[in-house]
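Q: I'd like a close look at one part of this structure, starting with a single charged pair and then working outwards. Could you walk me through it in plain terms?

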Amino acid sequence: MSILNPPRGRGIVAALCFVLLLLVAGIAIAQDAPPPLTDEEMEEATQIYFDRCAGCHGALRGGATGPGLLPEATLVRGVPYLHAIMFGGLPGGMPDFGRQGFLDAEELDLIARFLLLDPPDPPQISMDQIRESWQVYVDVEDRPTEPQHDMDWQDFFGVILRDMGQVAIVDGDSKELVTLLDTGYAIHILRASQSGRYFQSIGRDGRASLIDLWMDPPAVVAEVKPCYDARSIESSKFAGFEDAYAIVGCYWPPLFTIHDGETLEPLKMVSTAGYERGAGNYVPEARVAAIVASHFFPEWIVNVKESGQTWLVDYSTLDQPGQPMPVTMIDTELFLHDGGWANHRYFIVAANALDTLVVIDAETRTVAANVPAGTIPHPGRGANWVHPEYGPVWATGNLGSPEMTVVGAAPDTHPEHAWQVVSSVELPFTGTLFNKTHPESPWVIIDFVMSPSPVGAATLCAIDKVSLEAETCWEVPGAQELGARMVHIEFNRAGTEFWVSAWGRMDTPTFIAVYDAVTLEEVARVEGDWVRTPTGKFNAHNTALDIY
Ligand code: DHE
């Protein structure tokens, strides 16, 4: 294990010079008339854009996490500029698609030319289409009434194999593969039902799958595809409604759908297109970002990115035909993205492009505070612990600045620190996507997966929960050699170990590194031919009970 002292200042200066050069070059090579694309090129470019770019820049290219890419912005830059940015990436989180080998020179050129044209209209969807996509593979009455195997299913990890379109169920104890399941394209997240029995997965292609962990082996028991592009899924968790419903949050079309929790039967679809908070501009592409299930009311907290609103969607009347489904809209902030519970009461969501955290009090159903974070905060779900001086705190990493932002999170017991940044922990790299902790570990572990430096992307840091310093950072052996980035931390049920994925290319198996949660020694590697493009991992127990 080694402490790293990378030349951060020099890296930033070099990156700024690169951008400056490109800007100058962009002005020099600006072009007026967009070059034509054939029908085949248009089809290919639309698909690549949808798969690789729409998440950050929007299907309609209006911008959100990344800048808008409409012709008025792209024409003044020109093809070589756009090509260079897509090849090499940018420090604020723009991936280096070319350097990583995800897009070749021809594809980069095609996308650059595509970006000079008006965006094509993406397709809409109807309830009939959603119903047609719905499949129940194992009827509820044919499912087991108790676990059919002896393994500790509450300590199962659902591991996303992103580009394989698969979820691996891995035993947290033996670290053996239990089963491999086919799911949607580029699976994004898993969530667990309140009982922990079911994992729900959502793919970028909008395909939602329900995985029953009690079956031997665990299996996909139902599927539905309510949209073409999605990032979020959650189940109902309020007492009396455990496992009863599921909600899917879509990017395109911009909507959410509600499903039966045990069959995924589609019950409702609600558009989120609407008017932006404040300015009141109409936003046709107001996408659904993070969703969490309240424990205070039978409702989901649904964040609508481009209109800057948080909707409280009440599911208590869904089983009463003819009754209204109340939706309460709160004006919050533009560009809401990901977030998690603080102190099990406050949902903190990053308005990432505004460098702000919005705190929503789930008990009073109001905005408790807006907190300034670092540059482009990206919490995943964040990290919770009790600090001896500041009391309960919650922390996020930042994509664009080398720091972890720690926020006081207990207005009742520590009002003087509540919703204040009590520490900005200095880190060696930018590019953080995720941090995580567990009550049993003295550390908050943080990644730098989007660091433009290969060393940074292969590095993890452990931050002492008391001193609030990055006590130790280490480059994970073997990651760089495999061209892999260390991403997403998850603890086991007991909190004695944490797992981190080495996210590499589809053609090469990588590994998941397992560390002792106290000594930080690497204790195991999950390996095998099946370990390809692992990203997020979700422990059934910790995910069901929001332990992070
Ligand atoms: Fe994610 C969470 C959106 C890129 C892995 N990601 C989320 C959430 C949103 C989101 C809205 C919160 C869901 C919730 O809690 O309900 N992610 C986006 C994007 O729009 C973005 C920036 C670009 C895109 O095209 O998708 C994006 N995300 C990525 C990645 O590149 C990652 C690393 C790998 C991948 O899947 O492509 C990635 N995102 C994750 C993971 C989580 C996540 C693992 C859940 C973290 C957790 O611990 O809960």
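Which side chain does Asp163 meet in a salt bridge, and what is the N to O distance?

A: Asp163 pairs with Arg162, with 2.4 Å from N to O. Keep in mind that this is a predicted model. The same approach shows up as a polar contact of 2.4 Å between the side chains of Arg162 and Asp163.

Now, is this pair buried or exposed? Asp163 has a relative accessible area of 18%, so it falls under the 20% cut-off and counts as buried. Arg162 is buried too, at 9%.

As for where it sits, Arg162 is in the loop that joins strand 2 (156-161) to strand 3 (166-171). Setting aside residues up to four places away in sequence, Arg162 touches Arg52, Ala186, Ile187, Arg204, Trp503, Thr533 and Thr535. Two of those names give us a way onward: Arg204 takes us to the ligand, and Ile187 takes us to a core residue.

Take the ligand to begin with. Arg204 is among the residues that come nearest to it, together with His188, Arg231, Tyr251 and Arg381, out of 24 residues around the ligand. His188 has a special place here: its NE2 atom, at 2.2 Å, is the only protein donor of the ligand's iron atom. His188 belongs to strand 5 (residues 187-192), and strand 5 gives the largest share of the shell around the ligand, four residues.

The ligand's oxygen atoms have polar company as well. Arg191 places a polar side-chain atom 2.8 Å from one ligand oxygen. For Arg381, a polar side-chain atom comes to 2.7 Å from an oxygen of the ligand, and His488 likewise has one at 2.7 Å from a ligand oxygen. Elements that supply two or more residues to this shell are helix 2, strand 5, strand 9 (229-235), strand 15 (288-293), strand 19 and strand 35 (534-539).

Next, follow Ile187. Arg162 touches Ile187, and Ile187 is also in contact with Ile202. Leaving out neighbours within four places in sequence, the contacts of Ile202 include His188, Ile189, Ala230, Arg231, Ser232 and Ile233, plus Arg207, Ala208 and Val248. So what is Ile202 part of? It is one of the residues that touch the most other members of the largest nonpolar core, a set of 38 residues; Ile169, Phe199, Ile211, Leu213 and Val248 are the others singled out this way. Strand 8 (residues 219-224) provides the largest share of this core, with five residues. A separate core of 26 residues lies apart from it, with Val79, Leu103, Leu108 and Ile111 among its members.

That other core leads to helix 5 (residues 105-115), where Leu108 and Ile111 are buried along with Leu110, Ala112, Arg113, Phe114 and Leu115. The cover over the buried residues of helix 5 includes helix 2 (39-57), helix 3 (71-74) and helix 4 (79-88). At the start of helix 5, Asp104 has a side-chain oxygen within 3.2 Å of the backbone nitrogen of Glu106.

Back to charged pairs, since you started with one. There are 23 salt bridges in the structure. Arg207, a contact of Ile202, forms one with Glu223, where the closest N and O atoms are 3.2 Å apart. This pair joins distant parts of the chain, 16 residues apart: Arg207 is in the loop between strand 6 (198-203) and strand 7 (208-212), while Glu223 is in strand 8. Glu223 is buried at 7% relative accessibility, whereas Arg207 is partly exposed at 26%.

Another pair to click on is Arg345 with Glu363, a salt bridge of 3.4 Å from N to O. Here, too, distant parts of the chain are linked, 18 residues apart, with Arg345 in the loop between strand 19 (336-342) and strand 20 (346-351), and Glu363 in the loop between strand 21 (356-361) and strand 22 (366-372). Arg345 counts as buried at 17%, and Glu363 as partly exposed at 38%. Both belong to a salt-bridge network that also takes in Asp361 and Asp412.

Terms used:
Residues are numbered from 1 along each chain as its sequence is written. This is a predicted model: local features need pLDDT of at least 70, side-chain atom pairs count only at pLDDT 80 or more; totals for chains, interfaces and linings use all residues. Side-chain values use heavy atoms; hydrogens and water are left out. A nonpolar core is a set of buried Ala, Val, Leu, Ile, Met, Phe, Trp, Tyr and Cys residues joined through side-chain atoms within 4.5 Å. Buried means under 20% relative accessible area, exposed over 50%, partly exposed in between (1.4 Å probe, protein chains only). Contact means heavy atoms within 4.5 Å. A polar contact is a pair of N or O atoms within 3.5 Å; within protein, one must be able to donate a hydrogen and the other to accept it, and residues adjacent in sequence count only if both atoms are side-chain atoms. A salt bridge is a side-chain nitrogen of Lys or Arg within 4 Å of a carboxyl oxygen of Asp or Glu. Donors are N, O and S atoms within 2.8 Å of the metal (3.2 Å for Na, K and Ca); water is not among the atoms, so sites may look incomplete. A residue is near a molecule or strand if one of its heavy atoms lies within 4 Å of it.
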